[in-house]
Amino acid sequence: MGSDTIKLPIVDFSQPELKPGTSKWDLVKNQVRLALEEFGCFEAKFDKIPPELRKSIFDTLEELFDLPLQVKLRNSSKKPYHGYVGQYPMVPLFESMGIDDATIPEKVESFIDLLWPEGNSNFCKTVQSYSEQLSELDKIVRRMILESLGVEKYTDEHMDSTNYLLRLMKYEGPQTTETKLGLHAHTDKDTLTILCQNQIRGLEVLTKDGQWIDVKLSPESFIVMIGDSLIAWTNGRLHSPFHRVMMAGNNARYSVGLFTVPKAGYIIKAPEELVDEEHPLLFKPFDHVEVLSFYDSEEGQRDQSALKTYCGV
């Protein structure tokens, strides 16, 4: 298991009057920048998600994953990692489902219609409300990142270049005290990820010096983590951490991830302000959806530096 002695930074977004241009905003912005440079992630306190909504989202996950496999397989997508994922011999404890454009009611309704043709209005309202409210944290963090790098003039373009994928995940308890692999070590491929979990631990994050941190998340907190697409856009100014899930015991771990994903056709390219002699260009421009196909290939899955292999300078 990971180390209990190293802790992820905690950043509080629940402070009143946290608005751009204020001293509180600048303080939190600096905390975000330092955490993402050193760890690539942090624990976020964010009180805009009511406790009852958080409870409801996890209640719906149990209902969702109790559906027959043939029903869950209806959640398909041409984009890798956007539909149902499961039945993998290497990670038999893991399965997940995805809802693209999860902040848009009609898209969530289409997902519901696939799995519950008779309807499930409670599930629909819960998922869409959760996604929409949590997307506010994503926007705050990304604005702070751009401001801290001095490229805030790109904020509108950056926000408009993405949509939201909600991934609903289950890790079955291995029914043993021996630790088993829930999900292999990887970096996220998106722009930003916001994770929450039920109170079954398992997430571990790798530090720059090679130590695994056992993430202990308080019930009201989230993990904010940056992905490879943002690393490329910022020309390597931040850190994208490897992370994994390790499971023990009898209880299932449920988690929900709001993934900020670059839209198909949008070309990810570092702004010229972030390229200089001290920071030479690291990646050629690329389309995120196209690079996902490489990640999903046999070569890409074996490659610990897949983005660099695909489009590194």
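A crossing of two helices is left-handed if the near helix is turned anticlockwise from the far one by less than a right angle, and right-handed if clockwise. Helices (H or I, at least four residues) and strands (E, at least two) are DSSP runs, numbered from the N terminus. The model is predicted: local features need pLDDT of at least 70, side-chain atom pairs count only at pLDDT 80 or more, and totals for chains, interfaces and linings use all residues. Residues are numbered from 1 along each chain as its sequence is written, and side-chain values use heavy atoms, with hydrogens and water left out.

**Exercise 1. Describe how helix α2 packs against helix α5.**

Step 1. Take the geometry. Helix α2 covers residues 51-65 and helix α5 residues 121-148; their axes are 10 Å apart and the packing angle is about 130°. Axes are lines fitted to C-alpha atoms, for helices over the stretch in contact, and angles run from 0 to 180 degrees between N-to-C directions.

Step 2. Classify the angle. Angles under 35 degrees count as roughly parallel, over 145 as roughly antiparallel, 65 to 115 as roughly perpendicular and the rest as oblique. The pair α2 and α5 is therefore oblique. The crossing of α2 past α5 is left-handed.

Step 3. List the contact (heavy atoms within 4.5 Å). From α2 come Leu-53, Ser-56, Ile-57, Thr-60 and Leu-64, and from α5 come Phe-123, Thr-126, Val-127, Ser-129, Tyr-130 and Gln-133.

Step 4. Sort by class. Ala, Val, Leu, Ile, Met, Phe, Trp, Tyr, Cys and Pro count as nonpolar, Asp, Glu, Lys and Arg as charged, and the others, Gly among them, as polar. The contact of α2 with α5 has six nonpolar, five polar and no charged residues.

**Exercise 2. Do the same for helix α1 and α5.**

Step 1. Helix α1 spans residues 23-38; its axis and that of α5 come within 9 Å and cross at roughly 85°. That makes α1 roughly perpendicular to α5.

Step 2. On the α1 side are Trp-25, Val-28, Lys-29, Val-32, Arg-33 and Leu-36; they meet Ile-140, Val-141, Arg-143, Met-144, Ile-145, Glu-147 and Ser-148 of α5.

Step 3. By class, the contact of α1 with α5 has eight nonpolar, one polar and four charged residues.

**Exercise 3. Trace the seven-stranded sheet and place β6 in it.**

Step 1. Write the order. The sheet is open, with mixed pairing, and reads β1-β2-β9-β6-β11-β4-β3. Two strands pair if DSSP finds at least two bridges between them. The edge strands, each pairing on one side only, are β1 (10-12) and β3 (94-100). From one strand to the next the twist averages 25°.

Step 2. Look at the partners of β6 (residues 192-197). Four bridges join β6 to β9 (residues 221-226), antiparallel, with Leu-192 opposite Ile-226. Six bridges join β6 to β11 (residues 253-262), also antiparallel, with Cys-196 opposite Val-256.

Step 3. Check burial (buried is under 20% relative accessible area, exposed over 50%, partly exposed in between; 1.4 Å probe, protein chains only). Six of the six residues of β6 are buried. Leu-192, Ile-194 and Cys-196 are on one side, and Thr-193, Leu-195 and Gln-197 on the other.

Step 4. Add the helices. α2 lies across β3, β4 (162-171), β6, β9 and β11, at about 100° to β11. α5 packs on the sheet and touches β2, β3, β4, β6, β9 and β11; its direction makes about 120° with that of β4.

**Exercise 4. Which strands form the four-stranded open sheet, and in what order?**

Step 1. The order is β5-β10-β7-β8, with antiparallel pairing. The edge strands are β5 (176-186) and β8 (212-214).

Step 2. Neighbouring strands of this sheet are turned by 30° against each other on average, direction ignored.

Step 3. Strand β7 (residues 203-206) is joined to β8 by three bridges, and Leu-206 stands opposite Trp-212.

**Exercise 5. Are Leu-274 and Arg-237 buried or exposed?**

Step 1. Locate them. Leu-274 is in the loop between β12 (267-268) and β13 (286-287); Arg-237 is in the loop between α7 (228-233) and β10 (243-249).

Step 2. Apply the cut-off. Leu-274, at 1% relative accessibility, counts as buried. Arg-237, at 18%, counts as buried.

Step 3. Compare neighbours, not counting residues up to four places away in sequence. Leu-274 touches Leu-149, Val-151, Trp-233, Thr-234, Asn-235, Arg-237 and His-279. Among the residues that Arg-237 touches are Glu-37, Leu-149, Glu-273, Leu-274 and Asp-276.

Step 4. Set sequence against space. Arg-237 and Leu-149 are 88 residues apart in sequence and 8.5 Å apart in space, C-alpha to C-alpha.
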